[in-house]
Amino acid sequence: MTNNKIQRFGHVALVGRPNVGKSTLLNSLIGTHLSIVSPKPQTTRHRIAGVVTRDDAQLVFLDTPGLHLGAKRALNRQLNRVARQVPDEGDVIVHVVDVRRWTDEDDHVWAMLANHSVPRLLVVNKVDLEQDKTALLPLAEKLMSGRDYAGVHFLCARRGDGNKRLLADIAVRLPVGDWQYADDDITDRSERFIAAEMIREQLMVRLSDELPYATSVEIEQFVDDKGLARISAAIWVERDSQKAIVVGSGGTVLKSVGSNARRNMEKLFGRKVFLQLWVKVRENWSDDDAALKSFGYAE
């Protein structure tokens, strides 16, 4: 920045139970499909930073796995650890909820946030699904009763409705400080990481309700070759029967996953991508701490 305006910089933790639209909100705020999205809960498995640079502030949004109850497997417990750690990094915390219902898991999230001293904003998402808009104000009063939120925002993250007011409200609450990213940066994550996430997103979208949680993606090679990204990736599953499902009859599922992931990578990376996929088996990897560490889930 070369002008004399006050510069603000800070981290904004996006928290909430699974499937309330945190990743959709992050993508909408930064204007790019960075954090993967699917209709299935627990799509987000990592802390992902998305950077928004305004004239007056630079905001680093931290997308997190949804905090959920009844975590039994090692992977689920790890996701909850990440979800609990990220609010400690936030200069502002944004608690995202679904307009249709407040659940025990929402109570659990609020209990985690109750003792934080930084501003906490309530975002009621998916308001397009509420036909009676006159019900929104009473809903806000009910949700804020007994909970010390600094403010409430009604959003449709999918359409971007309400984003400008939310960004402005957050920006003025950030501490004064120098920006830590270039004006055109959108994340602190590498292309290698993003490539793995884009492959996993297509698995989540394409496969059955249960199988996506038994899959993980490991990038084995990422090489830039004269403007072409050559990427080799392993898709890990827990049983041979799952491998057959991921590959599909005649390789149709694997080809579809690879083709869609490649197109998304090319759009974000701004260059051609050559993508090779293999499916490998590691029994019960999602309940194996050593496997989780090797797959990059120990954060």
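So, strands 1 and 3: residues 8-15 and residues 57-63 run parallel, and six bridges join them. If you want one pair to click on, take His-11, whose bridge partner in strand 3 is Val-60. Keep in mind that this is a predicted model.

Okay, zooming out to the whole sheet. There are six strands, the order is 2-3-1-4-5-6, the sheet is open, and the pairing is mixed. Which strands sit at the edges? Those are strand 2, at 48-53, and strand 6, at 151-154, and each of them pairs on one side only. Going from one strand to the next, the twist averages 25°.

Now, what packs on this sheet? Helix 4, residues 136-144, does, and it touches strand 4 (92-98), strand 5 (120-125) and strand 6. Against strand 6, the direction of helix 4 makes about 145°.

Right, on to the cores. As a reminder, nonpolar side chains in soluble globular proteins tend to be buried together. Here the largest nonpolar core has 54 residues, and the members touching the most others are Phe-61, Ile-170, Ile-199, Ile-231 and Met-265. Helix 6, residues 191-206, gives the most to this core, with seven residues.

Let's stay on Ile-199 for a second. Leaving out residues up to four places away in sequence, Ile-199 touches Val-217, Ile-219, Ala-233, Ile-235, Val-257, Ala-261, Met-265, Leu-275 and Leu-277.

And then there's another core, lying apart from the largest one, with 26 residues. Leu-62, Ile-93, Val-124 and Leu-136 are among them. Okay, that's my tour; happy to go back to any of it on the screen.

Key
Residues numbered from 1 in each chain as written. Predicted model: local features only at pLDDT ≥ 70, side-chain atom pairs only at ≥ 80, totals over all residues. Heavy atoms only, no water. Pairing = 2+ DSSP bridges. Helix = DSSP H or I, 4+ residues; strand = E, 2+ residues; numbered from the N terminus. Axes fitted to C-alpha atoms, helices over the stretch in contact; angles between N-to-C directions. Contact = heavy atoms within 4.5 Å. Core = buried A, V, L, I, M, F, W, Y, C linked by side-chain atoms within 4.5 Å. Buried < 20%, exposed > 50% of the residue type's maximum accessible area, 1.4 Å probe, protein only.
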